[in-house]
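Hi there,

Here is the structure I promised to pass on. Have a look at it first, and my notes follow below.

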Amino acid sequence: MLLSRRILRGRSLNAGRSCLCHLASTSSTTAVATTELKPPTITQFSTAAPTSAKLKFDGSYKLNKLFKGHYFSSNAVGSQQAGGIIDVPLAQTGEGIAECELLKWFVQDGDHVEEYQPLCEVQSDKATIEITSRYKGKVSKILHAPGDIIKVGETLLQLMVDDSAVPFNASDASIGSDGSKSDEHKLDLRKSHENDNLSTPAVRSLAKQHGIDLADVTGSGKHGRILKEDVLKYGVEKGIIDDKPAFNPTSIEPMSGPEEQLQEMAESLYHDKIFSLRAYQRAMVKSMTAAASVPHFHYVEEINCDGLMKLKSAFQKENTDPDIKFTFLPVLIKSLSMALTTHPLVNSTFNLENYEVTLKGSHNIGIAMATPSGLVVPNIKNVQSLSILEITKELSRLIKLAMANKLPPADIAGGTITLSNIGSIGGKFGSPLINVPEVAIIALGKIQKVASFREDGSIYPVSLMTVNIAADHRILDGANVAIFCKEWKMYIEKPELLLLHMR
């Protein structure tokens with residue numbers, strides 16, 4: 001038994017030698033060029049064994065034994081480059097987010113940044129997020145302009161940091177290589193990136209358009225910064241750009257008659273315009289495409305809002321806070337939550353893949369809002385635990401954030417049912433589409449004075465609001481929706497019942 005163990009150990013050692021010799025002979029970039037198993041000059045080790053090392057050769061456990069638990073790594077440890085230049089990528093901003101729109105930069109080329117300093121602001125189809133720096137350094141190159149659509153993982157900008165702040169990149173070091181060559185290579189790269197700092201993205205784009213190397217252009221700006229005029233001057237001198245005469249307004253002949261004026265107007269008014277959908281607009285495309293696969297059932301009801309209007313007037317009369325403005329919506333939201341307490345199926349989500357319905361414990365009621373950036377649906381969390389005053393304040397906060405395009409992901413995610421107050425803009429009622437995976441959405445029409453008849457035939461005015469409840473007919477049937485709406489209508493028409501049933 002002891003003899004067989006020694007034989008197997010000897011074979012394992014020979015296999016390790018063979019593996020190292022094979023790698024030295026087949027790869028021109030690998031620096032292990034020895035036929036004897038001698039520890040070579042090691043520039044750096046990676047203390048963790050990468051998966052790729054184990055896949056390359058199955059003798060990795062022998063290297064582990066020979067070099068006391070350290071593995072060689074031929075892969076970069078992160079997105080760092082040589083010479084202290086690191087790539088700052090667009091990180092994953094939320095579940096299912098594949099790309100974001102760059103809204104604006106907080107820094108420029110050449111700016112010094114501190115750790116956790118905001119670099120830029122991006123917007124996904126769910127929220128607006130600020131990207132901050134993980135390092136302290138200097139902006140080397142900005143790679144995108146506001147309005148660009150950037151994929152997750154794509155580099156936003158490059159930062160120049162101290163070598164001590166950059167984790168070791170094993171791809172820059174080779175086993176037994178001369179360290180001086182590597183240092184010279186890093187110095188050259190650093191110089192090239194420093195030159196990049198002396199021009200704006202617009203200037204670099206102009207140079208790229210005409211095939212001009214900015215290293216050959218002498219900058220006339222501050223600290224040697226290359227300006228647009230420098231690129232144009234260099235291009236004219238080298239014959240790359242035609243030397244066209246400057247624009248002379250007096251050389252333009254005036255139009256001779258009304259026909260030319262009409263032609264000019266037609267060209268400016270009737271040209272087709274193409275624009276790309278951004279952020280919230282893209283989210284709406286995805287949401288409505290998903291809603292098209294849902295069989296909708298619509299239930300329409302008229303609700304007397306006389307009691308609601310009196311309650312609103314009383315709230316506003318007793319209000320001493322100038323920052324709070326009472327509207328009908330907070331009471332409608334609270335009364336909706338009261339009705340959902342006894343009809344939990346309306347406050348649920350549906351998973352088609354697993355045929356599962358989740359009855360949501362929280363009433364996170366979404367409010368559809370029309371903003372300059374498009375339609376967005378933030379939600380008020382745990383409405384069942386909030387007072388009408390607290391709902392009013394939370395609604396005001398969400399509206400301010402939505403209009404400023406500053407809604408965080410937490411305020412948008414997790415909705416359980418949606419209200420669309422289309423009546424605040426106009427229209428008697430709307431026909432809404434469900435916000436998947438929710439199973440119901442309610443459109444509120446405009447409150448208007450109409451004539452109504454008493455039992456004795458006399459006419460009296462009443463404030464009526466038409467509501468349209470759209471339900472997922474795979475989960476909710478007509479009876480479910482009708483009974484739920486009947487209870488909700490009772491709380492709206494008789495607001496005093498809210499006090500009776502509120503916990």
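How many helices and strands are there in the chain? There are 14 helices and 19 strands, where both are DSSP runs numbered from the N terminus, with at least four residues (H or I) for a helix and at least two (E) for a strand.

Before the details, a word on the source: this is a predicted model, in which local features need pLDDT of at least 70 and side-chain atom pairs count only at pLDDT 80 or more, while totals for chains, interfaces and linings use all residues. Residues are numbered from 1 along each chain as its sequence is written, and side-chain values use heavy atoms, with hydrogens and water left out.

**The chain overall**

Of the 503 residues, 34% count as buried; buried means under 20% relative accessible area, exposed means over 50%, and partly exposed is in between (1.4 Å probe, protein chains only). The accessible surface comes to about 30000 Å², and 55% of that belongs to carbon and sulfur atoms. Areas come from the Shrake-Rupley method with a 1.4 Å probe, and for residues only the protein chains shown count as cover. Among contacts (heavy atoms within 4.5 Å) between residues at least 6 apart in sequence, 63% join residues at least 24 apart.

**A four-stranded sheet**

One open sheet has the strand order E1-E8-E6-E3, with antiparallel pairing. Strands E1 (85–89) and E3 (112–113) stand at its edges with a single partner strand each, so one side of each has no neighbour in the sheet. Two strands are taken to pair if DSSP finds at least two bridges between them. E8 pairs with E1 over five bridges and with E6 (residues 137–142) over four, again antiparallel. Six of the six residues of E8 are buried.

Gln-158 is a good residue to look at in E8 (residues 155–160). It is buried, with a relative accessible area of 9%. Its bridge partners include Asp-87 and Lys-141. The C-alpha atoms of Gln-158 and Lys-141 are separated by 5.2 Å, although the two are 17 residues apart along the chain. The side chains of Gln-158 and Asp-87 also share a polar contact of 3.1 Å, that is, a pair of N or O atoms within 3.5 Å; within protein, one must be able to donate a hydrogen and the other to accept it, and residues adjacent in sequence count only if both atoms are side-chain atoms. Elsewhere in E8, Leu-159 stands opposite Val-139.

**Two loop residues**

Is Asn-405 buried or exposed? It counts as buried, at 12% relative accessibility, and it sits in the loop between helix H11 (388–403) and helix H12 (409–412). Leaving aside residues up to four places away in sequence, Asn-405 touches Leu-103, Gln-123, Thr-128, Tyr-280 and Ser-373. With the side chain of Gln-123, the Asn-405 side chain makes a polar contact of 2.4 Å.

Phe-275, in the loop between helix H7 (258–269) and helix H8 (279–291), is exposed, with a relative accessible area of 64%.

Happy to hear what you make of it.

Best wishes
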